[in-house]
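Okay, can everyone see my screen? I'll take one chain today and walk through it piece by piece, so let me pull it up.

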Amino acid sequence: MAIISDQDMELMKGMFVDELQNTVNIVAFTKRPAGQTGANLECQLCDETTELISEVAELSDKINLEFHEYSSDNQMVKDLHIDKLPAIVLSNDSENGVRYFGIPGGFEFSSFVEDIVDVSRNSTDMSKEARDKVKAVDADVHIQVFVTPTCPYCPAAVRIAHKMAIENPQHITSDAVEAAEFPELINKYNINAVPTVVINDCVQFEGVLPDGEFAEMVQQALCA
């Protein structure tokens, strides 16, 4: 049985026809081979994640979907810094900083679909103020946005973080992390609400900020 309803599939198919410009690569890690252990690798929702993104990829010939088995020795795992399952990386020919850890379901599904469009266009609607600040970043930045599928405010935070990765792919990597699937990270960062944003493990805040203020938090993380 399909995860996405027929009505939603038809709506997305039409949107992709109208809005996708270039090919989007979806690289997914949804399998853990025998012998690879760890709390972040249990991947209880790997099957559901595989089905969901497969259904999305079938809606457009401009979406290229690749599945890979996780292995700590896999060069792609190392290059993309994959340390949790399931993992989804969206990219075009020039960037790969837009990532999801955990199933992009519930409210986050809208973020996932909108990210596909932005990555295809290799552009965003970020404000000029925020874009200028983001493009000025010249050191590595890792943004983690902790979310849950039932949080109506989380997609806005995820979208801003992912837009930053699209605007500055050389230096910014942005993750949407489904909190319930990775409780050890909730404990590590003492997260009590979602969305919670963690930048370079040194700047942390709750809620959704305007993109200009979010960009200021990124700049603070560079100085911490």
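Right, let's start with D201, which is partly exposed because its relative accessible area is 48%. Keep in mind while we look that this is a predicted model. So where is D201 along the fold? D201 sits in the loop between β7 (196-199) and β8 (203-206). If you leave out residues up to four places away in sequence, D201 touches Q144, K188 and Y189. Take Q144 from that list: D201 and Q144 are 57 residues apart in sequence, and their C-alpha atoms are 8.9 Å apart in space.

While we're in that part of the chain, C202 counts as partly exposed too, because its relative accessibility is 39%.

Now step back into the strand. V198 is in β7, and this one is buried because its relative accessible area is just 1%. What does V198 contact, once neighbours within four places in sequence are set aside? The list reads H142, I143, Q144, F146, Y189, V203 and Q204. Q144 and Y189 turn up there, and they were also on the list for D201. For a pair with some distance in it, take V198 and K128: they are 70 residues apart along the chain, with 23 Å between their C-alpha atoms.

Next one, I186. You'll find I186 in helix α7, residues 183-189. Is I186 buried or exposed? At 18% relative accessibility I186 counts as buried, since the cut-off is under 20%. Its contacts, again without residues up to four places away, are F146, A179 and I191. F146 is also a contact of V198, so to speak a shared name on two lists. And if you want a long span, I186 and D6 are 180 residues apart in sequence and 35 Å apart in space, C-alpha to C-alpha.

Okay, zooming out. How many helices and strands does the chain have? Eight helices and eight strands. On overall size, a compact globule of 224 residues would have a radius of gyration near 17 Å, and this chain has 17 Å, so the two agree. Along the principal axes, the C-alpha atoms fill a box of roughly 45 × 45 × 35 Å. Buried residues are 52% of the 224. And for contacts with a separation of 6 or more, 73% come from residues 24 or more positions apart.

A bit on the surface and the charges. The accessible surface is about 10400 Å², and carbon and sulfur atoms own 47% of that. There are 15 positive and 38 negative charges, and the mean positions of the two sets are 5 Å apart.

Now the cysteines. The structure holds two disulfides, and counting bonded cysteines along the chain, the pattern is 1-2, 3-4. One joins C43 to C46, with an S to S distance of 1.3 Å. The angle about that S-S bond is 70 degrees, and the link is right-handed. C43 counts as buried because its relative accessibility is 13%, and C46 counts as buried because its value is 5%. The other disulfide is C151 with C154, sulfur atoms 2.4 Å apart. That link is right-handed as well, with 95 degrees about the S-S bond, and both C151 and C154 are buried.

Last topic, the backbone. Most residues other than glycine have a negative phi, and most peptide bonds are trans. With that in mind, which peptide bonds here are cis? One of them runs from L85 to P86, with omega near -5 degrees, and P86 lies in the loop between α3 (75-80) and β3 (87-91). Another runs from V194 to P195, omega near 0 degrees, and P195 is in the loop between α7 and β7.

For phi, look at H81: it isn't a glycine, yet its phi is positive, about 55 degrees. H81 is in the loop between α3 and β3, and H81 counts as exposed because its relative accessibility is 57%. N122 is another non-glycine with a positive phi, near 55 degrees. N122 sits in the loop between α4 (108-121) and α5 (128-135), and N122 counts as partly exposed because its relative accessibility is 37%.

That's my tour, happy to go back to any part of it.

Note on methods: Residues numbered from 1 in each chain as written. Predicted model: local features only at pLDDT ≥ 70, side-chain atom pairs only at ≥ 80, totals over all residues. Heavy atoms only, no water. Helix = DSSP H or I, 4+ residues; strand = E, 2+ residues; numbered from the N terminus. Rg over C-alpha atoms; globule rule 2.2 N^0.38 Å. Buried < 20%, exposed > 50% of the residue type's maximum accessible area, 1.4 Å probe, protein only. Contact = heavy atoms within 4.5 Å. Areas by Shrake-Rupley, 256 points an atom, 1.4 Å probe, with all protein chains shown as cover. Lys, Arg positive; Asp, Glu negative; His and termini not counted. Charge placed at Lys NZ, Arg CZ, Asp CG, Glu CD. Disulfide = S-S within 2.5 Å.
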